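Open the model in your viewer and keep the sequence panel visible. This tour gives one selection at a time and says what is there.

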Amino acid sequence: MADSYAIIGDGIAGSSAAETIREQAPDADITVLTDEGEALYNRILIKEFAKGKLPEAPISIHDTDWYADRDIGLHLNTLVTDIRTDDHEIETHSGEVFEYDSLLLAIGGTPQQLPVENADADGVHHFWTFEDARAIKQSAEQADTGVVVGAGLLGIDLAAICGAQDVEAKYLMRGDAWWRYALSEEGAEIMHDALRERGVTPVFDSGVDHFETDAEGAVTAAVDPDGVQYDTDFAGVAIGLDFNTEIVQDTPIETDRGIVVDEYMQTNRDDVYAAGDITQFHDVILGKRAQNGAWGSAKEQGTIAAKNMVGSEDAEFKWVSSYSITHFDFPFLSFGHPTRGNDTVEQKYTDDEWRRLALEDGKIVGGVLIGDLAPQTAYKQLMREGRVVSDQKEALMNREFSVDDLAPVQKQWIVSGVLPWNLGCTDPTGGTRQLSWSEFTIACRRDWLGQLSSDANSEFGSQWVGSQNGVLTSSEWATDPSRTWGRRRAEAVLRTPSK
Ligand SMILES: Cc1cc2nc3c(=O)[nH]c(=O)nc-3n(C[C@H](O)[C@H](O)[C@H](O)COP(=O)(O)OP(=O)(O)OC[C@H]3O[C@@H](n4cnc5c(N)ncnc54)[C@H](O)[C@@H]3O)c2cc1C
């Protein structure tokens, strides 16, 4: 067990890690460093503050006493500028040096600016911190007209803030629908109508070519690429995050639009872990690398990282993430990875009840539910089980869907192990094969397939994986480039075809 732990970032990932380390290592030195001027607050709720619906107080989660009571050294307004992994040291903007035995990077992302003229004008806002929310609230309260850019989950928060603050806003979207990678036009239209009801007008196939400003440098208009001018005294931009990887660029820590970790939140350095939005983690449900941007997932990753840093257990991150929108009269939830996949199924039930599932290799990888969130439990269960369901789309769209609506799996083996795993010499069912192979649908995680295609006997690969129910074809075989180091878990599901 390490004696000293340094955590960079006091968001939900960093703070949960500090709490877990203290619970499991009562005598350890724990240091938390954050460049923000306040301790952990609820980032999810800052939009309600900006809408004018919530005061400041309930948004704060921890005050500084919380850290002092637990003997956790909290350093606010402290930007870490350098990490020296060989020396086990980190350095801050003021030149202060902290030593660590074990380091956690919980450093999240920073909103991207539009690469256009006057993108940093007064009145043009980005949204990540409580400080941002205070500025947005003040600006929106004084504005009559607004422009919002970014057709995703944070953009719609800015649009809802305009609606709540009686700002007549235009919501400029690049395509023909809000969050078009996760919703079809039919589903998105429910969101468009809800925005219109709040005085926010969606404008499609649009964007910002540049902002106009007055003599004081305050925004006065957004001009789209066709030269259409939208007069505005408030602009909200949410076009994505730049992940805060600069401090690890000169270290051996592997990055790839984030910090690469395995399912234990460990980087390619034994004594460095990462958690939260910043991670490109090995998703054991997908069997490949993924990134989440959600509160619950960041909290769980912080906890998992802490357990592994302390070494109290080999804790694995296995999680279906959720993200809800509560601005409208109907509930909205996205779960898993709704923008991934190579297949979809969707249905509209009423004017404000709609659902869509994203599938990959026959399995659910994510989805969006509008109006009725009850089926989420069943869909998430299927995701966690890695069950192949693409042949039962009609049942999946049952309005009151439950797992029992699916034809029972007649027989199933979960085969798992840690690579390298010589499948060519082992019966992967772990027992005698009483059914003929052709009775099986086989679904394999891709990292296993990579191993299979290179190591295992070709009869198994081409005959059993290649053609069964169209679930996987040999052309989809690929070595997963994310799994080049560390503990590599392989898993496969063998089952009889569902009826
Ligand atoms: C307005 C808004 C609404 C949201 N709504 C939802 C929602 O409804 N549901 C949901 O699930 N998720 C929501 N999210 C996303 C969710 O809040 C994030 O996924 C989660 O907070 C990420 O936590 P984190 O700890 O990984 O990162 P962060 O909370 O970003 O924390 C990282 C911290 O590290 C600090 N830091 C970075 N670099 C350094 C450095 N070099 N030195 C010192 N400190 C550093 C940063 O300043 C920051 O404080 C929302 C986010 C926002 C902004």
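**Stop 1: helix α1**

This is a predicted model. Begin by selecting α1 and checking its length: at 1.5 Å a residue, its 13 residues should span 18 Å, and the C-alpha atoms at its ends are 18 Å apart, so the two values agree. The helix covers residues 12-24. Is α1 enclosed or open? Of its 13 residues, 11 are buried, so α1 is largely enclosed by the rest of the structure. The buried residues include Ile12, Ala13, Gly14 and Ser15. Glu19 and Arg22 are also among the buried residues of α1.

**Stop 2: the ligand and its shell**

Now select the ligand and the residues around it. The ligand is surrounded by 35 residues, and the closest are Gly9, Gly11, Ala13, Gly108 and Gly276. Ala13 is one of the buried residues of α1. Which helices and strands should you colour? At least two residues of the shell come from each of α1, α2 (46-51), α5, α7 (295-310) and β22. By residue type, the shell divides into 18 nonpolar, 10 polar and seven charged residues.

Colour the two domains next. Why does the ligand lie between them? Domain 1 (4-110 + 242-310) and domain 2 (124-239) both give residues to the shell, so the ligand lies between the two.

**Stop 3: strands β10, β11 and β12**

Select β11, residues 168-172. Four of its five residues are buried, so β11 is largely enclosed by the rest of the structure. β10 (residues 145-149) runs parallel to β11, and five bridges join the two. To see one pair, pick Val147 and its bridge partner in β11, Lys170. Follow the chain from β10 to β11: the path goes through helix α5 (residues 153-164), and this β-α-β crossover is right-handed.

Then move on to β12, residues 200-203. β11 and β12 run parallel and are joined by four bridges. Here, pick Tyr171, whose bridge partner in β12 is Pro202. The chain passes from β11 to β12 through helix α6 (residues 185-197), in a β-α-β crossover that is right-handed.

Continue past β12 to Asp205, in the loop between β12 and β13 (210-213). Is Asp205 buried or exposed? It counts as exposed because it has 12 C-beta neighbours inside 10 Å. Its phi is positive, about 50°, although Asp205 is not a glycine. Most residues other than glycine have a negative phi.

**Stop 4: Asn118**

Select Asn118, in the loop between β8 (109-111) and β9 (124-125). Asn118 also has a positive phi without being glycine, with a value near 65°. Asn118 counts as buried because it has 22 C-beta neighbours inside 10 Å; the cut-off for buried is 20 or more.

**Stop 5: strands β18, β20 and β21**

Select β20, residues 279-283. Four of its five residues are buried, so β20 is largely enclosed by the rest of the structure. β18 (residues 259-261) pairs with β20 in the parallel sense over three bridges. Val261 has Phe281 of β20 as its bridge partner.

β21 (residues 288-290) is also joined to β20 by three bridges, but these two strands run antiparallel. Asp283 has Lys288 of β21 as its bridge partner. β20 and β21 form a hairpin with four residues between them, and Gly287 in the turn has a positive phi of about 80°.

**Stop 6: Ile44 and Trp295**

Select Ile44, in the loop between β2 (29-33) and α2. With 16 C-beta neighbours inside 10 Å, Ile44 counts as partly exposed. Add Trp295 and compare the two separations: 251 residues in sequence, and 7.5 Å in space from C-alpha to C-alpha.

**Stop 7: the β22-β23 hairpin**

Finish with β22 and β23, which run antiparallel and are joined by four bridges. They form a hairpin with six residues between them. Tyr323 stands opposite Ser334 in β23. In the loop between β22 (322-325) and β23 (332-336), select Asp329. It counts as exposed because it has 8 C-beta neighbours inside 10 Å. Last, add Asp352: from C-alpha to C-alpha, Asp329 and Asp352 are 9.1 Å apart in space, and they are 23 residues apart in sequence.

Note on methods: Residues are numbered from 1 along each chain as its sequence is written. This is a predicted model: local features need pLDDT of at least 70, side-chain atom pairs count only at pLDDT 80 or more; totals for chains, interfaces and linings use all residues. Two strands pair if DSSP finds at least two bridges between them. A crossover is right-handed if, with the strands pointing away from the viewer, the path from the first strand over the helix to the second runs clockwise. A residue is near a molecule or strand if its C-beta atom, placed from the backbone, lies within 6 Å of it. Ala, Val, Leu, Ile, Met, Phe, Trp, Tyr, Cys and Pro count as nonpolar, Asp, Glu, Lys and Arg as charged, and the others, Gly among them, as polar. Domain bounds come from an automatic or database domain assignment. The expected span of a helix is 1.5 Å times one less than its number of residues.
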